[in-house]
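Visitor: I'd like a close look at one part of this protein, and then a walk outward from there. Could you take me through it slowly?

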Amino acid sequence: MAVRVRYKKNDKVYLFLGVGFGMYKSMAAGSHLEAWFPQKEEGELGMVALCNEKGEIRWADHGDLEVIEIEGQSPAELLK
């Protein structure tokens with residue numbers, strides 16, 4: 001099934017390949033005093049694999065995408 005998506009940051013159209021899920025965790029120490037209490041950050045990322053016209057795979061945040069077509073029909077047509 002071919003799904004076309006628009007990347008909101010540059011308006012380019014890509015093919016949707018699938019989704020991925022990642023987790024991250026980082027710690028950073030600033031000044032000497034902060035070394036005793038480092039800043040911690042962690043979270044989860046939902047990423048989407050895309051393909052351009054050359055077949056090159058790119059990853060994008062799911063919030064930056066909009067589905068414009070599924071098998072030649074718009075989402076609105078499919079949800080009627």
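Visitor: Let's start with Trp59: is it buried or exposed, and what is its relative accessible area?

Guide: Keep in mind as we go that this is a predicted model. Trp59 has a relative accessible area of 54%, and the cut-off for exposed is over 50%, so Trp59 counts as exposed. You'll find Trp59 in strand E4.

Trp59 also has nonpolar company out there. Together with Leu15, Leu17 and Ile57, Trp59 forms a nonpolar patch on the surface, and the four add up to about 430 Å² of accessible area. Two elements each give two or more residues to that patch: strand E2, residues 13–28, and strand E4, residues 57–61.

Now for the charged residues around that stretch of sequence. Glu56 and Arg58 have side chains that meet in a salt bridge, at 3.2 Å from N to O. Glu56 counts as partly exposed, at 33% relative accessibility, and Arg58 is partly exposed as well, at 42%.

From the surface, let's go inside. In soluble globular proteins, nonpolar side chains tend to be buried together. Here the largest nonpolar core has eight residues: Val3, Val5, Tyr7, Tyr14, Val48, Leu50, Ala60 and Leu65. Strand E1 (3–7) and strand E3 (39–51) are the elements that give two or more residues to this core, and E1 has the largest share, with three residues.

Leu65 is a good core member to click on. Setting aside neighbours within four places in sequence, Leu65 is in contact with Val5, Tyr7, Val48, Leu50 and Ala60, and also with Arg6 and Lys8.

Two other core members are worth a look for their rings. The structure has one aromatic pair. That pair is Tyr7 and Tyr14: the ring centres are 6.5 Å apart and the planes sit at 85°, so the pair is edge-to-face. Both Tyr7 and Tyr14 are buried.

Back to charges, and to Arg6 in particular. Side chains of opposite charge can pair when their charged atoms come close. The structure holds five salt bridges, and Arg6 takes part in a network of them with Asp11 and Glu66. The side chain of Asp11 meets that of Arg6 at 2.5 Å, N to O. With Glu66, the closest N and O atoms of the bridge to Arg6 are also 2.5 Å apart. This second pair ties together distant parts of the chain, with Glu66 in strand E5 and Arg6 in strand E1, 60 residues apart.

How open are these three to the outside? Asp11 is exposed, with a relative accessible area of 52%. Arg6 is partly exposed, at 23%, and so is Glu66, at 34%.

One last stop on strand E5, which covers residues 65–70: Ile68. Ile68 is partly exposed, with a relative accessible area of 28%. Arg4 is 64 residues away from Ile68 in sequence, yet their C-alpha atoms are 5.8 Å apart in space. Leaving out residues up to four places away in sequence, Ile68 touches Arg4, Val5 and Arg6, along with Val13, Gln73, Ser74 and Pro75. If you want to trace the route again on your screen, start at the patch with Trp59, go in to the core with Leu65, and finish at the network around Arg6, Asp11 and Glu66.

Methods. Residues numbered from 1 in each chain as written. Predicted model: local features only at pLDDT ≥ 70, side-chain atom pairs only at ≥ 80, totals over all residues. Heavy atoms only, no water. Phe/Tyr/Trp six-rings, centres within 6.5 Å; stacked < 30°, edge-to-face > 60°. Buried < 20%, exposed > 50% of the residue type's maximum accessible area, 1.4 Å probe, protein only. Helix = DSSP H or I, 4+ residues; strand = E, 2+ residues; numbered from the N terminus. Contact = heavy atoms within 4.5 Å. Core = buried A, V, L, I, M, F, W, Y, C linked by side-chain atoms within 4.5 Å. Patch = residues over 30% accessible without salt bridge, like charges linked within 9 Å, V, L, I, M, F, W, Y side chains within 5 Å. Areas by Shrake-Rupley, 256 points an atom, 1.4 Å probe, with all protein chains shown as cover.
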